[in-house]
Amino acid sequence: MSFAEVLKQVKSLSYETIIFDTAPTGHTLRFLQFPTVLEKALAKISQLSSQFGPMLNGLLGANGSLPNGANLNEMMEKLEGLRETISEVNTQFKDENLTTFVCVCIPEFLSLYETERMIQELASYGIDTHCIVVNQLLFPKSSSECEQCNARRKMQKKYLEQIEELYDEFNVVKMPLLVEEVRGKEKLESFSEMLIHPYIPPAGGL
């Protein structure tokens, strides 16, 4: 989704809650930086316009027309309006009562590393985050003879313990690895229930 669509959704107030399913860490961080970078750039353009606008108007003539036929004053008014909108979005992003970021990871080293990087960057941007969803957890039965399942569960437990230790003040939601895709309204509703009510592994699990 483009940033223009984000602006549109935030300004329209058509929904009580808007959820953005963001890209992997690097792309998401660039996306979250964009409002601040763009706001600063537009503020600089506005400042330059105030300083050199009268001189440019004198050179362009009374109607302030640019070579391509656009009007300088109208263009600057549109840019100023855009800057105000971006400033509003930026403010909403940093208001913990309006916006929060939910990190989703799997219990593996690289995913845990990326999650920590994301949380540190979000803190530097002033964006609230207090929830982590740990996905694709295995819960094999203690009597299971599946060596791969048991070995993977052992590895997952190690990283899950690290997550719980690092983020003891966060709400950590544990989601099981399912045997089928989550597609369709009924499966989505069933899956979402586990986000609200903690998943209870079957008895006899590791």
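How many aromatic pairs does the structure hold? The structure holds three. Two of them, Phe109 with Tyr113 and Phe139 with Tyr199, appear in the views below. The model is predicted.

**View 1. Confidence across the predicted model.**
The mean pLDDT of the protein is 80. Of its residues, 79% reach 70 or more. Among the elements, strand E2 (residues 131-137) has the highest mean pLDDT, 94. Helix H2 (residues 25-60) has the lowest, 67.

**View 2. Phe109 and Tyr113 form a stacked aromatic pair.**
The ring centres are 6.5 Å apart, and the planes make an angle of 20°. That angle counts as stacked because it is under 30 degrees. Where does Tyr113 sit? Tyr113 is found in helix H4 (residues 109-125). Phe109 and Tyr113 are four residues apart in helix H4, so about one helical turn separates them. Phe109 is exposed because its relative accessible area is 54%, and the cut-off for exposed is over 50%. Tyr113 has 48%, so Tyr113 counts as partly exposed.

**View 3. Phe109, Leu110 and Tyr113 make a nonpolar surface patch.**
The patch covers about 370 Å². Two of its members, Phe109 and Tyr113, are also the stacked pair of View 2. Tyr113, at 48% relative accessibility, is partly exposed.

**View 4. Phe139 and Tyr199 form a tilted aromatic pair.**
Here the centres are 5.5 Å apart, with 45° between the planes. Which parts of the chain does this pair link? The pair links distant parts, 60 residues apart. Phe139 lies in the loop between E2 and helix H5 (147-166). Tyr199 lies in the segment after helix H6 (185-196). Is Phe139 buried or exposed? Phe139 is buried, because its relative accessible area is 17% and buried means under 20%. Tyr199 has 29% relative accessibility, so Tyr199 counts as partly exposed.

**View 5. Strands E1 and E2 pair in the parallel sense.**
How many bridges does the pairing run over? E1 and E2 pair over four bridges. Cys105 stands opposite Val134 in E2. Strand E1 (residues 102-105) also has two faces to compare. Cys103 and Cys105 make up the covered face. Val102 and Val104 make up the uncovered one. Strand E2, the partner of E1 here, is the element with the highest mean pLDDT.

Conventions:
Residues are numbered from 1 along each chain as its sequence is written. This is a predicted model: local features need pLDDT of at least 70, side-chain atom pairs count only at pLDDT 80 or more; totals for chains, interfaces and linings use all residues. Side-chain values use heavy atoms; hydrogens and water are left out. Patches are made of residues with over 30% relative accessible area and no salt bridge: like charges are joined within 9 Å, nonpolar side chains (Val, Leu, Ile, Met, Phe, Trp, Tyr) within 5 Å. Accessible areas come from the Shrake-Rupley method with a 1.4 Å probe; for residues, only the protein chains shown count as cover. A salt bridge is a side-chain nitrogen of Lys or Arg within 4 Å of a carboxyl oxygen of Asp or Glu. Buried means under 20% relative accessible area, exposed over 50%, partly exposed in between (1.4 Å probe, protein chains only). pLDDT is the predictor's confidence in each residue, from 0 to 100. Rings of Phe, Tyr and Trp (its six-membered ring) pair if their centres lie within 6.5 Å; planes under 30 degrees apart count as stacked, over 60 as edge-to-face and the rest as tilted. Two strands pair if DSSP finds at least two bridges between them.
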